[in-house]
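Open the structure in your viewer and set up a residue selection tool. The stops below are given in the order in which to select them.

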Amino acid sequence: MNVNKLSSIAPAKTSLKGLSLAELEAFVATLNEPKYRAAQIFRRLYQHRAESFDDMTELPIALRQKLSEQADIGSLPAVKVQHSADGTKKFLFQLQDGREIETVLIPSETVGDDGEPKRVTLCVSTQVGCPLNCKFCATASLKLKRNLTTGEIVDQFLQAQKFSDKPITNLVFMGMGEPMLNYDNVMGAVDIFTHPDADLLSPKRITISTAGIVEGIKRMADEQRSIKLALSLHASTNGLRTRLMPINKKWDLQALGDALEYYYRKTRQPVTYEYILFEGLNDSQQDAERLARITRRVPSKVNVIPFHPIGFTNPHGFGADLKPTTPEQFQAFIGLLRELDVTVMIRSSSGKDIHAACGQLALSHGE
Ligand code: SAH
């Protein structure tokens with residue numbers, strides 16, 4: 001990145017969080033500092049979670065001074081933290097322009113011998129709002145305000161970590177927004193999370209979930225990304241999928257199947273299908289059979305998700321009529337899939353009491 005670009009992003013001060021190592025090197029060059037300073041700053045930001053330039057004690061005082069004049073660390077204040085009875089925490093972060101996003105920290109339900117959760121998963125947002133208008137999702141009520149920057153994505157992790165005694169072990173791009181519509185900034189964040197000098201996460205513990213943006217799936221395949229891919233499917237016919245998810249008009253089940261096959265051929269990585277069960281809409285035996293057929297195209301598993309009601313966003317039309325499947329039908333559907341040799345997982349509804357479960361992120365509605 002050239003210096004002009006850096007200064008045009010932030011004419012006053014350059015925000016260092018979210019810059020790649022190469023971009024940090026370009027920045028330190030503008031300060032007439034040697035290249036290795038960039039790696040020192042990078043490590044201080046991510047390994048040591050420095051909150052201020054004074055925390056970067058291995059840097060000479062004069063450089064720390066220069067940095068505080070020309071740069072900032074760019075931390076997101078958590079303006080609200082809600083605690084669920086199940087241990088889930090939901091954060092409301094304020095961005096520099098005053099907009100807000102939500103992030104969810106979920107200790108896993110499975111515990112180790114010590115009684116502590118084995119996994120701590122962070123669900124991060126990638127956009128302020130979302131343009132896709134899926135009928136079952138609370139975030140749709142916000143529409144799209146803007147993409148998050150790489151720094152804003154990375155900082156959700158650094159800030160949330162402060163509220164967890166245990167290290168965050170897994171990261172899912174399943175908060176507000178469609179990650180594939182903010183591809184560059186999301187992958188910029190992935191590159192930082194997985195950089196050996198940041199030492200935050202392994203790519204295998206990062207999952208990107210998409211409503212089905214074929215361009216993004218193909219790009220991930222071409223770039224041989226080793227993070228995991230999940231597709232929000234939710235229907236086994238185009239008719240229903242288009243009603244639930246308008247993006248299906250652009251890329252339908254056939255296009256998605258082709259894209260996943262392309263992805264698998266390039267990466268040899270299995271994919272996960274997400275499938276919310278709606279009463280009377282997609283929970284029949286025929287649906288299970290069609291779903292099984294769809295998932296046979298490439299090695300995969302299905303994550304079945306209970307529908308988390310979003311009445312608090314006052315949906316109208318089709319969205320207002322959606323209901324969760326009964327617990328009996330939920331179990332029966334899973335049984336059918338297993339009989340059809342589909343690998344099935346059940347997504348937990350952690351944080352439902354504070355509107356922190358999948359699809360419930362809608363800022364102030366979530367009181
Ligand atoms: N835009 C991306 C990621 C955000 S949504 C995507 O569509 O995949 C994360 C997951 O929550 C998706 O699988 C989404 O379909 C699901 N979801 C959305 N609303 C939901 C709701 N009300 N109940 C349960 N899951 C929901």
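How many salt bridges does the count come to? The count comes to 19 salt bridges. The coordinates are a predicted model, and the tour begins in the strands before it returns to these charge pairs.

**Stop 1: strands E6, E9 and E10**

Select strand E9, residues 170-173. Its two faces are both covered: Asn170 and Val172 are buried on one side, and Leu171 and Phe173 are buried on the other.

Next add strand E10, residues 206-210. E9 and E10 pair in the parallel sense, with three bridges between them. Two contacts are worth labelling here: Leu171 stands opposite Ile206 in E10, and Val172 has Thr207 as its bridge partner in that strand.

Is E10 mostly covered or mostly open? E10 is mostly covered, with five of its five residues buried. On one side these are Ile206, Ile208 and Thr210, and on the other Thr207 and Ser209.

Now add strand E6, residues 120-123. E6 and E9 also run parallel, joined by three bridges. To find the register, select Cys123, which stands opposite Val172 in E9. Val172 is thus a useful label to keep on, since Cys123 stands opposite this residue and Thr207 is its bridge partner in E10.

**Stop 2: the positive patch**

Step back from E10 along the chain to Lys204, in the loop between helix H6 (183-193) and E10. Is Lys204 buried or exposed? Lys204 counts as exposed because its relative accessibility is 55%, over the 50% cut-off. Select Arg119, Arg205 and Lys228 together with Lys204 to display a positive surface patch.

**Stop 3: the negative patch**

Which residues gather in a patch of negative charge on the surface? Select Asp113, Asp114, Glu116 and Asp165. Asp113 sits in the loop between strand E5 (100-107) and strand E6. With a relative accessibility of 88%, Asp113 counts as exposed.

**Stop 4: salt bridges**

Side chains of opposite charge can pair when their charged atoms come close. Three pairs are shown here as examples.

Start with Glu152 and Arg146, which form a salt bridge with their closest N and O atoms 3.0 Å apart. Glu152 is buried, because its relative accessible area is 10%, under the 20% cut-off.

Then select Arg225 and Asp191, whose side chains meet in a salt bridge at 3.0 Å, N to O. This pair links distant parts of the chain: Arg225 is in the loop between H7 and E11, Asp191 is in helix H6, and they are 34 residues apart. Arg225 is buried at 16% relative accessible area, whereas Asp191 is partly exposed at 38%.

The third pair is Arg297 and Glu261, with the closest N and O atoms 2.8 Å apart. Arg297 lies in the loop between helix H10 (285-295) and strand E13 (300-306) and Glu261 lies in helix H9, so the pair ties together parts that are 36 residues apart in sequence. Both counts fall in the partly exposed range: Arg297 has 36% relative accessibility, and Glu261 has 29%.

To see Arg225 and Asp191 in a wider setting, extend the selection to Asp184, Arg219 and Glu223. Salt bridges with shared partners join Asp184, Asp191, Arg219, Glu223 and Arg225 into one network.

**Stop 5: two positive phi angles**

Most residues other than glycine have a negative phi. Two exceptions can be selected by number.

Where is Gln224 placed? Gln224 is in the loop between helix H7 (214-222) and strand E11 (228-232). Its phi is positive, about 50°, although Gln224 is not a glycine. Gln224 is partly exposed, with a relative accessible area of 48%.

The other selection is Arg268, in the loop between helix H9 (253-267) and strand E12 (271-277). Arg268 has a positive phi of about 60° and is likewise not a glycine. With a relative accessible area of 54%, Arg268 is exposed.

Conventions: Residues numbered from 1 in each chain as written. Predicted model: local features only at pLDDT ≥ 70, side-chain atom pairs only at ≥ 80, totals over all residues. Heavy atoms only, no water. Patch = residues over 30% accessible without salt bridge, like charges linked within 9 Å, V, L, I, M, F, W, Y side chains within 5 Å. Areas by Shrake-Rupley, 256 points an atom, 1.4 Å probe, with all protein chains shown as cover. Salt bridge = Lys/Arg side-chain N within 4 Å of Asp/Glu carboxyl O. Lys, Arg positive; Asp, Glu negative; His and termini not counted. Charge placed at Lys NZ, Arg CZ, Asp CG, Glu CD. Helix = DSSP H or I, 4+ residues; strand = E, 2+ residues; numbered from the N terminus. Buried < 20%, exposed > 50% of the residue type's maximum accessible area, 1.4 Å probe, protein only. Pairing = 2+ DSSP bridges.
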